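Morning, everyone, and thanks for coming. I'd like to walk you through one structure today, so let me put it on the screen.

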Amino acid sequence: MVLGLLFFLLSCEDEILKQKNDEKNVLSRKMSSLSLPCSVPVLYNGMLAFEDEKQFTCYYNYLNTLIATPDDEMDEDDFLAEVEQYVGVSSLRADALAKFEQKNAVGWSSYQEIPEEHWITSTALRSILNTNREVKIGGYILRYINPDFIASVKDSQPELLKKVEALGDNPSLEDILNLDLTREFISVTSPKIYTREFGTIDFADAKGVRGTPVPLGRFSLSGTVYQNFTCSNPGTVKFEGFTLSHMAVPQRAKYRIEFNDGAGAYTEFTLGPNQYILPVIEHVYPGTTSMFYNPVVKVKSLGSFNSGPITWDMTRTFQVYVKGMNETCTMDARGGLQDLVINSSNVLRGKADYYTWKPFPFGLGGAISSLAGWTELHHIDKNGNWNRRKDKKTTLCVKFLGSLMHQNQGSTPYFCMDPIYPYLEYECRSNTNQKRMEKQMGQYNTNTRATAAMSYFTVQHEVGTSDGVKGYFKQTIYGCP
């Protein structure tokens with residue numbers, strides 16, 4: 001009997017362990033059939049920690065798949081709240097939603113005043129970040145500072161991270177980089193323009209595969225050149241974050257930037273005492289048509305390491321693709337919010353977007369190309385205030401009607417070739433105040449550096465309620481001509 005009881009208890013224990021192992025990657029109890037295909041992130045100083053970018057991307061895609069699953073009882077915030085409780089993170093999503101809902105309960109004087117919940121528009125990304133907008137990837141902690149900058153700090157430098165946090169939400173690039181003049185511990189990239197990167201001289205991912213130490217006696221020049229596109233002045237190019245270093249020691253320097261715009265234009269700038277980072281320099285290229293330009297940056301150290309009065313210590317040629325008005329300033333090219341006034345009490349608002357984003361200054365997968373559309377219904381409540389409507393009687397839909405993409409081979413700017421016709425998608429959801437759908441375009445062949453460039457795509461936003469409020473409108477944005 002004793003042996004039988006012991007065998008029974010051991011069998012029960014084995015069954016419990018087996019059940020736990022089977023369920024360890026099922027993060028949503030309501031969707032037990034959808035398991036995470038990679039390991040669950042752990043908690044590190046109040047933020048989620050991932051072994052590498054591959055695990056992060058797996059988790060990010062899992063969340064997007066989870067919230068795209070139709071459910072009449074739970075909306076996407078319910079799903080994500082359940083996952084966040086499972087992994088133990090106090091998320092930016094929950095914080096932003098609580099603040100929005102508090103204001104939404106009071107209402108706005110007009111529907112135009114109703115904002116998005118956060119400038120980080122991806123619900124999945126907001127669910128990953130903590131309330132301080134931070135996440136740990138490999139040996140680095142990423143802090144999403146504002147729509148312009150993401151700072152990446154080595155996890156061995158907690159005091160440096162505190163200094164980055166102390167800068168607040170609106171620092172300049174110089175403010176961030178001045179915390180680490182040797183560029184050994186901080187790298188900065190942009191969530192808006194994925195080609196912007198201000199890397200350290202010794203920047204590597206968790207496996208140390210990226211970054212080359214500066215050889216003894218050699219200068220290093222870091223900085224970035226990118227187009228700051230506006231349809232009113234499309235040719236504007238910025239030269240930003242330039243620093244000359246020698247053996248990891250920042251140098252006061254003289255800069256000469258030759259713009260190579262066909263007119264022989266150039267500018268020269270000499271850094272003063274205790275200045276090590278070149279202020280932002282702007283140049284306007286002809287913006288009528290799209291064209292490649294090759295500006296040259298020449299630098300001479302003003303310290304004891306310079307090579308003499310005549311020779312430049314460092315000369316580097318950059319390539320920048322300046323998109324003209326012919327490429328991106330057609331009607332609706334910028335996407336953005338559009339409204340359909342259904343009646344005096346209801347407005348259907350929709351937004352379509354195409355973005356190529358690089359979430360980290362390092363990575364295995366590089367940039368991620370995505371199509372996105374989301375729809376909201378705004379209405380006047382019983383107190384006469386505008387709100388974002390949420391109830392089970394409201395069904396919101398986002399439909400991708402048609403699109404044309406092109407493949408880009410390698411890391412050069414997009415050439416509108418190799419057409420791709422993505423399949424159509426149609427998603428509706430009730431019991432929600434916002435319907436969002438995102439299609440990650442990603443890779444299209446075995447060339448892992450190939451990404452998608454958009455020619456155009458059209459989204460249809462729809463709403464229907466049981467009390468007779470119905471409406472829809474289409475929105476098209478354009479990329480390559």
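Let's start at strand β15, residues 296–301, which pairs with β16 in the antiparallel sense over 4 bridges. If you want a landmark there, find V299: it stands opposite M314 in β16. I should say right away that what you're looking at is a predicted model, and I'll come back to confidence later.

Zoom out a little from that pair. The two strands belong to an open sheet of 4 strands, in the order β12-β11-β15-β16, with antiparallel pairing. β12 (266–270) and β16 (314–317) stand at the edges; each has a single partner strand, so one side of each is left without a neighbour in the sheet. On average, neighbouring strands here are turned by 10 degrees against each other, ignoring direction.

Now stay on β15, because there is a lysine I want to show you: K298 sits in this strand. Is K298 buried or exposed? Its relative accessible area is 18%, and buried means under 20%, so K298 counts as buried. What does its side chain make a polar contact with? The partner is the side chain of E258, at 3.1 Å. Beyond residues up to four places away in sequence, K298 touches K254, Y255, R256, E258, W312, M314 and T315. You'll recognise M314 from a moment ago, as the residue opposite V299.

Another pair of strands, for contrast. β5, residues 150–154, and β6 run antiparallel and are joined by 4 bridges. I150 has T189 in β6 as its bridge partner. Here's a general point to keep in mind: in a regular strand, side chains alternate between the two faces of the sheet. Look at β6, residues 186–189, with that in mind: I186 and V188 are on one side, S187 and T189 on the other, and all of them are buried. Both faces of this strand are covered, then.

On to the helices. α2 has 15 residues and reaches 21 Å from its first C-alpha to its last, close to the 21 Å expected at 1.5 Å a residue. How many of those residues are buried? It's 12 of the 15, so to speak a mostly covered helix. Among them are the aromatics F56, Y59, Y60 and Y62, along with polar residues such as Q55, T57 and N64. At the N-terminal end, D52 provides the cap, with a side-chain oxygen 3.2 Å from the backbone nitrogen of K54.

Next comes α3, residues 76–87. This helix has 12 residues and spans 17 Å from first C-alpha to last, close to the 16 Å expected. An aspartate caps the N-terminal end here too: a side-chain oxygen of D75 lies 3.1 Å from the backbone nitrogen of D77. After the helix you reach G88, whose phi is positive, near 90 degrees. The buried residues of α3 are E76, D77, F79, L80, E82, V83, E84 and V87. And what do they pack against? The list is β1 (42–44), β2, α2 (53–67), α4 (92–106), α5 (123–128) and β24 (425–432).

One more residue for you: R389, in the loop between β21 (386–388) and β22 (391–408). R389 counts as buried, at 8% relative accessibility. Its side chain makes a polar contact with the side chain of T394, at 3.3 Å. Leaving aside neighbours within four places in sequence, R389 is in contact with a whole set of residues, including N346, H379, N433 and D467. R389 and N104 are 285 residues apart in sequence, but their C-alphas are 9.3 Å apart in space.

Let's step back to the whole chain. There are 8 helices and 27 strands, and of the 481 residues, 52% count as buried. Among contacts with a separation of 6 or more, 63% are between residues 24 or more positions apart.

Finally, confidence, as promised. The mean pLDDT is 79, and 75% of the residues reach 70 or more. Strand β2 (residues 47–50) is highest, at a mean of 96, and helix α1 (residues 2–23) is lowest, at 48. Residues 13–22 fall below 50, and that stretch has 0 contacts in the model beyond near neighbours in sequence. Residues 361–365 are also below 50, but there the model has 19 such contacts. Thanks for listening, and I'm happy to go back to any view.

Note on methods: Residues are numbered from 1 along each chain as its sequence is written. This is a predicted model: local features need pLDDT of at least 70, side-chain atom pairs count only at pLDDT 80 or more; totals for chains, interfaces and linings use all residues. Side-chain values use heavy atoms; hydrogens and water are left out. Buried means under 20% relative accessible area, exposed over 50%, partly exposed in between (1.4 Å probe, protein chains only). Two strands pair if DSSP finds at least two bridges between them. Contact means heavy atoms within 4.5 Å. A polar contact is a pair of N or O atoms within 3.5 Å; within protein, one must be able to donate a hydrogen and the other to accept it, and residues adjacent in sequence count only if both atoms are side-chain atoms. pLDDT is the predictor's confidence in each residue, from 0 to 100. Axes are lines fitted to C-alpha atoms, for helices over the stretch in contact, and angles run from 0 to 180 degrees between N-to-C directions. The expected span of a helix is 1.5 Å times one less than its number of residues.
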